[in-house]
Amino acid sequence: MSGEARLDWRARGGAPLRGELRVPGDKSVSHRAVMLASLADGVSRIEGFLEGQDARATEAIFRRLGVRIEAPAEGVRIVRGVGIDGLRAAPGALDCGNAGTAMRLLAGLLSGQAFESELCGDVSLSKRPMGRVIEPLARMGAHIHSAGGGLPPLRIHPSNELQAIEFTADIASAQVKSAILLAGLYAQGETVVHEPQPTRDYTERMLAAFGWPIEFAPGHARLRGGHRLHAADVAVPADFSSAAFFLVAASLVPGSDLVLRRVGMNPRRTGLLPVLRAMGADIAEENPGEQGGEPVADLRVRHAPLHGIEVPRAHVADMIDEFPVLFVAAALAEGSTRVQGAAELRVKESDRIAAMATGLRALGARVDETPDGAVIHGGALQGGSVDSLGDHRVAMAFAVAAQRVAGEVRIGDVANVATSFPGFEALAGEAGFGLAATPA
Ligand code: S3P
C-alpha cells in the first residue's frame, strides 16, 4: 500500500509453461464476503479469501468498525457478524489502500450508518473518480463530501434516512451498482439499478446467499431495505483475472501446456475467453463444477499462434480487467487488433490505455491510441524498460510480454502486484516464467 518500498522486475523468456497451478482467490468476491459476513447475524466462514492487500484493506476496515475477524489459516477468515446495524464508528480515516472496490462499495454501505466516517486511499486511488457513486447516493439522501472534482478522501456524514431510488447508470460499473444496492439495504422503499451493459453480479448473488431478498437478472437488480443478513459460509473461487495472465502467456510461448485449477467462470468475468479463442487460442474448459454458488472449471491452455481481431464491444464489460494482458496478446499476434468502447480503462488503477500503449511502444510495438481504445499492430517485441505506473495488472501484463521477447524487459514500480496477486513471481516462476525482483 502507500509508502512501501519501490520494486522493479527483470523479466525474460523462460521455459515453456507447463504443469498445473491454482491462482489466488477472487478479489471481488473476497471484498464482498467480508462486507456481508460483517453485517450478518452469526458467524460466517470464508475459505479461499484473497490474501492480497486490497481484500486485507477491507478486512482491516471492518475490524476497525468493530467486527471480530479471525484468520486461523491462510485464506481462511472467521467473521463474527455484528448485524445490519451493529457497526460502530472508528476514529480517523478508513484506509482503502489501492482498492477502488473497497472505497466505492463502502461509500454506499457507510451512507446508511448512524455515524460519520472518512474513506481515504493511496496515491492511485486518490486520483480515481468518486462522483459516479457520490451523485446517486446523494439522490438517496446521503451526505458525502469529497475533495475537489469528486476525488477521495470521502467524508460520509450520517443522514436521517435514505430513500430508495430507481437508477439508470450511464456507465457499466459493478462498483457503482453495488454501492447503490448496499445503500439500498438501509433505504426506505425499493432500490432499482439498471445498467447499460450487464456487469459482475457478485453483490447480488452474495446478498441472496446471505438471505436478503433480491431480484436480479443481467443488467438489472432490485431490493428493499429493512431485512437482515444471515451468516453463511463462502468458498471463494480462484480469480479469473489472475488466471488470465497465464492464459495469455501459455498461448504465446511455444511448447506450453498449462492447467489452471478451479477458476471462477462467472460469465460476467470471462469475456477474455471468446476473444482469445477468436484470436486462435487453444483453451479447453475441463471438470466444470460449482464452488460457493459460482461456476468453476479447470482451464487447460496450450500454445497456439494468435492473430488480430476486432474485439466485439459486447465483451468489453465482461473482460474489463483483462485489457492490459489482451494488449500484450495483440502486440504479439499476427495482424492488428482493434479495441473500442473501453474508455473506462482510462480511470482504472492507472490510465491503462496510455500505460499499455507507452510500454508496448518502448518494446518496439506500433500502437495507435484512441479515446476509448487502441489499434495494436502485432509483430515481434524487443527488450527494453517499461513503467507499470504502480498498476498491478499493467506490471503482470508486461511480465507476460517478456516471455516472448528476445532480450530482457525491465518493469518498473511493481510492488502493487501484491494488491491482487500475492506470490505472483513465485507461481509464475514455477510455471516457467523468467522473472526476478530487483529493488529499484
Ligand atoms: C470490480 C468492478 C470493476 C473492476 C474492478 C472490480 C468489482 O470496476 O474493474 O477491478 O469488484 O466490483 P468498475 O465497477 O469500476 O468497472
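**Figure 1. Asn416 and its surroundings.** The backbone oxygen of Gly390 sits 2.8 Å from a polar atom of the Asn416 side chain. This is a predicted model. Asn416 belongs to the loop that runs between strand 24 (406-412) and helix 12 (424-431). Its relative accessibility is 15%, so Asn416 counts as buried, the cut-off being under 20%. Leaving aside neighbours within four places in sequence, Asn416 is in contact with Gln53, Asn98, Asp122, Gly390 and His392. Gly390 therefore appears both in this contact list and in the 2.8 Å approach to the side chain, as computed from the model.

**Figure 2. The largest pocket.** About 660 Å³ of space lies in this pocket. Its lining is made up of 40 residues. Nearest the centre lie Ala172, Ser173, Ile320, Glu344 and Lys348. Which elements give two or more residues to the lining? They are helix 1 (27-39), helix 3 (100-111) and helix 5. Helix 1 supplies the largest share, four residues.

**Figure 3. Annotated positions in the largest pocket.** An unreviewed UniProt entry places the feature "binding site" at Lys27, Ser28, Arg32, Ser173, Gln175, Asp321 and Lys348. The lining of the largest pocket takes in Lys27, Ser28, Arg32, Ser173, Gln175, Asp321 and Lys348 from this set. Two of these positions, Gln175 and Lys348, get their own views below.

**Figure 4. Gln175 in helix 5.** Gln175, one of the positions in the UniProt "binding site" feature, is part of helix 5 (residues 174-184). Is Gln175 buried or exposed? With a relative accessibility of 16%, Gln175 counts as buried, because the limit is under 20%. The Gln175 side chain makes a polar contact with the side chain of Thr101, at 2.8 Å. Thr101 is also among the residues that Gln175 touches; Gly100, Arg104, Leu105 and Val133 complete that list, which does not count residues up to four places away in sequence.

**Figure 5. Helix 5 and its cap.** Ser173 caps the N-terminal end of helix 5. A side-chain oxygen of Ser173 lies 3.3 Å from the backbone nitrogen of Gln175. How many residues of helix 5 are buried? The count is 11 of the 11, so the helix is largely enclosed by the rest of the structure. Among the buried residues are Ala174, Val176, Lys177, Ser178 and Ala179. Ile180, Leu181, Leu182, Ala183 and Gly184 are buried too.

**Figure 6. Lys348 in its loop.** Lys348 is found between strand 20 (336-339) and helix 10 (352-362), in the loop that links them. The relative accessible area of Lys348 is 17%, so this residue is buried. Lys348 touches Arg128, Ile320 and Asp321, not counting residues up to four places away in sequence. One of these partners, Asp321, is also in the UniProt "binding site" feature.

**Figure 7. Arg352 in helix 10.** Arg352 is found in helix 10. Its relative accessible area is 1%, so Arg352 is buried. The Arg352 side chain makes a polar contact with the side chain of Glu349, at 3.1 Å. Arg352 and Asp391 are 39 residues apart along the chain. How far apart are the C-alpha atoms of Arg352 and Asp391? They are separated by 8.4 Å. Asp391 is also one of the residues that Arg352 touches. The others are Asp321, Pro324, Leu345, Arg346, His392, Arg393 and Val394, with residues up to four places away in sequence not counted.

**Figure 8. Two nonpolar cores.** The largest nonpolar core has 82 residues. Trp9, Phe246, Met279, Ile411, Phe424 and Phe433 touch the most other members. Helix 7 (residues 240-252) gives this core its largest share, 10 residues. A second, separate core has 70 residues, including Cys96, Ala164, Ala179 and Val234. Ala179 also belongs to helix 5, where it is buried. Back in the largest core, which residues is Ile411 in contact with? Leaving aside neighbours within four places in sequence, they are Asp8, Trp9, Ala11, Val386, Ser388, Ala395, Phe398 and Ala399.

**Figure 9. The cavity.** The structure holds one cavity of 30 Å³ or more. About 50 Å³ of space lies in the largest cavity. Its lining includes Lys177, Glu195, Thr199, Asp201, Glu204 and Phe216. Ala217, Pro218, Gly219, His220 and Arg268 also line this cavity. Lys177 is a buried residue of helix 5.

Technical notes: Residues numbered from 1 in each chain as written. Predicted model: local features only at pLDDT ≥ 70, side-chain atom pairs only at ≥ 80, totals over all residues. Heavy atoms only, no water. UniProt positions renumbered as here; feature names shortened; annotations may be inferred. 1 Å grid on protein atoms, 1.4 Å probe; cavity = no way out; pocket = protein on both sides within 12 Å on 5 of 7 lines; lining within 4 Å. Buried < 20%, exposed > 50% of the residue type's maximum accessible area, 1.4 Å probe, protein only. Contact = heavy atoms within 4.5 Å. Polar contact = N/O pair within 3.5 Å; in protein donor to acceptor, adjacent residues only side chain to side chain. Core = buried A, V, L, I, M, F, W, Y, C linked by side-chain atoms within 4.5 Å. Points joined across faces, edges and corners; volume = space filled by probe spheres on them.
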